[in-house]
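Biologist: Please give me a close look at one part of this, the interface, and set it in its surroundings before you finish.

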Amino acid sequence: MSQNTKKHHEPLIHIVKRDDMVWWQAWGIRLAAIVLGVLLIGIVSAVLTGESFFEVYGIMFRGVFGRIFEGKTSMLWKFGQDTVILLCLGLAVAPAFKMKFWNCGAEGQALIGGLAAMFCMIQFGGKLPEWMLVPLVIVSSIIAGAIWGLIPAIFKARWNTNETLFTLMMNYVATQIIAYYVYIVGGGSNVINPVETGALPVIGKSQYLLNILIVAALTVAMHVYLKYSKQGYEITVVGESQNTARYIGINVKKVVLRTMMLSGAVCGIAGMLLVAGTDHSINKDTVGGQGFTAIMVAWLGQFNPFVMVLMSALIIFLRTGAAKVADSNMLNSSFADISVGLVILMLVGCEFFIQYSVRLRRAKKGVEA
Amino acid sequence: MIVEFISRAILLSIPLLYGSVGEILTEKSGHLNLGIPGIMYSGAIGGVIGAFLYENACGNDLANMNPFLAILIPLICSILFSVFMGLIYSFMTVTLRANQNVTGLAITTFGIGLGNFFGGSLIKLVDSDLPSIALTKTSKFFKAELPFADDLGWFGEIFLSHDFLAYLAIAIALAASFVLSKTRIGLNLRSVGENPATADAAGINVTRYKYLATCIGSAVAGLGGLQYVMAYADGVWSNNAFGDRGWMAIALVIFALWKPSMAIVGSFLFGALCNANNYVQGLGAETQELFKMLPYVVTIVVLIITSMRKKREHQPPESLGLPYFREER
């Protein structure tokens with residue numbers, strides 16, 4: 001008798017890779033994840049602070065937008081500024097990430113860009129006319145950022161050195177260089193007094209308007225670059241499969257170097273916007289750890305610049321709002337980081353349900369296992 | 001002075017050692033856990049919360065405190081917090097197959113936020129009237145040194161004057177080294193990290209190994225945070241004081257070439273480098289800032305050299321960073 005009496009262990013659920021999901025379904029799932037995350041934040045803050053559940057969102061909204069309905073727009077401008085800086089860093093890392101080059105060094109690249117801007121503003125301020133100085137500030141920060149991004153890329157291309165850790169370490173090297181510079185210029189006071197020479201001009205009603213316009217232009221440019229240019233296509237191919245790229249005659253090393261230079265250059269622009277556009281000064285915390293948040297913006301936005309606009313707005317909203325909720329209850333404003341982390345984890349997790357479907361085990365009648 | 005320098009370097013190196021041994025265990029299962037900085041923060045705050053509640057329960061009176069409980073409660077709380085973070089990470093990356101880098105960075109954001117939030121709000125949350133979190137009493141129990149350490153001069157100060165968590169760190173590193181290279185479990189774990197499909201075919205439960213390695217690794221890393229607060233900072237919590245030691249621990253993994261025993265040497269070197277600026281004579285404050293760059297520069301140099309030499313035994317686990325989906329082979 002050949003009957004096999006051994007019982008087969010069958011898992012309760014099994015996971016199947018989906019074919020491509022319709023775009024609105026995928027975004028429905030992502031939206032659900034965001035809503036779930038935001039609800040969770042509301043519940044946690046209601047429990048911690050004792051405010052009512054709905055009041056939490058009221059505080060968040062007022063904390064971010066201020067008295068917008070009474071015509072006061074200053075908070076709205078600040079919100080726009082924070083969003084575009086994060087977005088700019090996100091735009092910078094997007095091409096590198098799309099190429100599967102894990103550029104965790106946006107922070108350092110932006111700091112070095114900002115440093116170059118600060119250096120020019122201080123050294124050449126008053127010696128060069130403004131119409132020469134401002135372009136010099138812009139160009140030097142772009143070049144500085146590009147060089148800082150290029151260094152890890154050279155080693156990656158030549159010896160396949162791990163870029164995640166290399167770029168990470170470069171952040172701290174940059175931070176210490178800034179600390180050194182601030183100490184020298186500030187005369188031991190750890191502060192550089194705002195320098196007005198060489199700063200970006202203020203246009204319109206708010207000092208943030210120019211920054212917002214520049215990043216808006218960058219967003220469109222990056223979209224066109226990634227989607228419609230030949231170089232953007234090469235980035236996609238290298239990211240999907242280096243072997244394929246080599247097979248169809250793409251010079252992988254060249255693409256890696258070029259893309260990281262671009263990535264660093266855009267980071268340099270972000271640093272320049274912060275230093276020459278807003279603060280007119282620099283310190284170790286000018287970028288404030290946003291280089292890491294930017295990676296998540298790029299990833300969650302699926303490397304689509306327009307989706308990244310929404311993602312950075314969402315993250316800035318949560319960050320500012322949650323900090324306000326905690327502040328108004330005398331709690332520590334690091335609650336902002338917890339909230340942002342929570343929603344990002346939700347969003348990262350929900351990708352699973354977009355790519356795979358979970359099926360319950362079906363009773364198989366009459367089928368021998 | 002040289003004795004003080006060495007002793008200080010050892011003290012500084014212990015959190016790094018915990019962090020890097022934890023990360024090595026995790027990476028051996030094929031997971032690059034960039035959440036270690038956050039996990040170390042949450043391990044630290046877990047211990048602080050435990051100790052704070054216990055001190056409060058004892059009426060903040062040293063006489064009421066049981067030395068055994070004073071150590072055990074923070075220790076368990078710390079492990080619970082960091083294992084919880086490790087569970088989130090492994091659920092996301094193993095079960096949900098999310099991108100490891102992004103998940104890790106999110107865990108780091110979350111964990112650092114958790115640490116700073118509770119560190120800054122604990123007093124308000126439990127309606128205590130203390131001015132700040134200063135767990136000096138619990139810290140005393142943690143820092144109890146061997147009674148005869150002071151009698152032995154320089155030998156005693158360098159080797160015997162440390163807190164018990166420091167010795168535990170070295171013990172864990174040696175044990176991890178033994179398990180990884182000499183036991184069946186270690187062999188299985190390494191095979192999961194090198195090639196999960198092969199391991200799976202050989203009948204190894206890949207998912208279980210990945211979960212366990214990540215969670216145990218997180219627990220070990222979290223102890224580093226606890227050691228920092230209780231022994232280095234004398235039980236005083238201040239936000240962001242732990243700094244970027246978590247990232248340094250991750251860098252140390254490469255420096256140690258994925259060997260826990262090498263991590264002992266590496267962490268001591270890093271501890272010394274972090275500390276060197278205070279001991280080199282005639283440094284201005286601005287040069288000190290440049291000196292603080294040293295550990296990172298050394299890491300970069302090691303990173304480059306190991307990638308240039310390409311020795312087979314010095315390479316990272318083959319499938320580090322890649323998700324494993326059985327049906328995709």
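Modeller: Let me fix some vocabulary: helices (H or I, at least four residues) and strands (E, at least two) are DSSP runs, numbered from the N terminus. By that count, chain A has 13 helices and 2 strands. Bear in mind that this is a predicted model, where local features need pLDDT of at least 70 and side-chain atom pairs count only at pLDDT 80 or more, while totals for chains, interfaces and linings use all residues. As for labels, residues are numbered from 1 along each chain as its sequence is written, while chains are lettered from A and ligands numbered from 1 in the order in which they are written.

Now the interface. I call two residues in contact if their C-beta atoms, placed from the backbone, lie within 7 Å. On that basis, 41 residues of chain B touch 41 residues of chain A. On the chain B side, at least two residues each come from α3 (67-95), α4 (100-125), α11 (245-255), α13 (285-291) and α14 (294-309). The largest share, 15 residues, belongs to α4(B). Sorted by type, this side of chain B has 24 nonpolar, 10 polar and 7 charged residues. Here Ala, Val, Leu, Ile, Met, Phe, Trp, Tyr, Cys and Pro count as nonpolar, Asp, Glu, Lys and Arg as charged, and the others, Gly among them, as polar.

What about the rest of chain A? Its C-alpha atoms fill a box of roughly 100 × 60 × 35 Å along the principal axes. Of its 369 residues, 47% count as buried, meaning that 20 or more other C-beta atoms lie within 10 Å of a residue's own; 12 or fewer is exposed, in between is partly exposed, and C-beta atoms are placed from the backbone.

As for the strands, β1 (residues 13-17) of chain A runs antiparallel to β2(A), with 5 bridges joining them; strands pair if DSSP finds at least two bridges between them. H14(A), for instance, has R359(A) in β2(A) as its bridge partner. Strand β2 (residues 356-360) of chain A is hardly covered, with 0 buried among its 5 residues.

Two backbone oddities to finish. Most residues other than glycine have a negative phi. M330(A), not a glycine, has a positive phi of about 60°, and sits in the loop between α12 (305-327) and α13 (335-355) of chain A. M330(A) is exposed, with 11 other C-beta atoms within 10 Å. W258(B) also has a positive phi of about 60° without being a glycine, in the loop between α11 and α12 (260-276) of chain B, but W258(B) is buried, with 22 other C-beta atoms within 10 Å.
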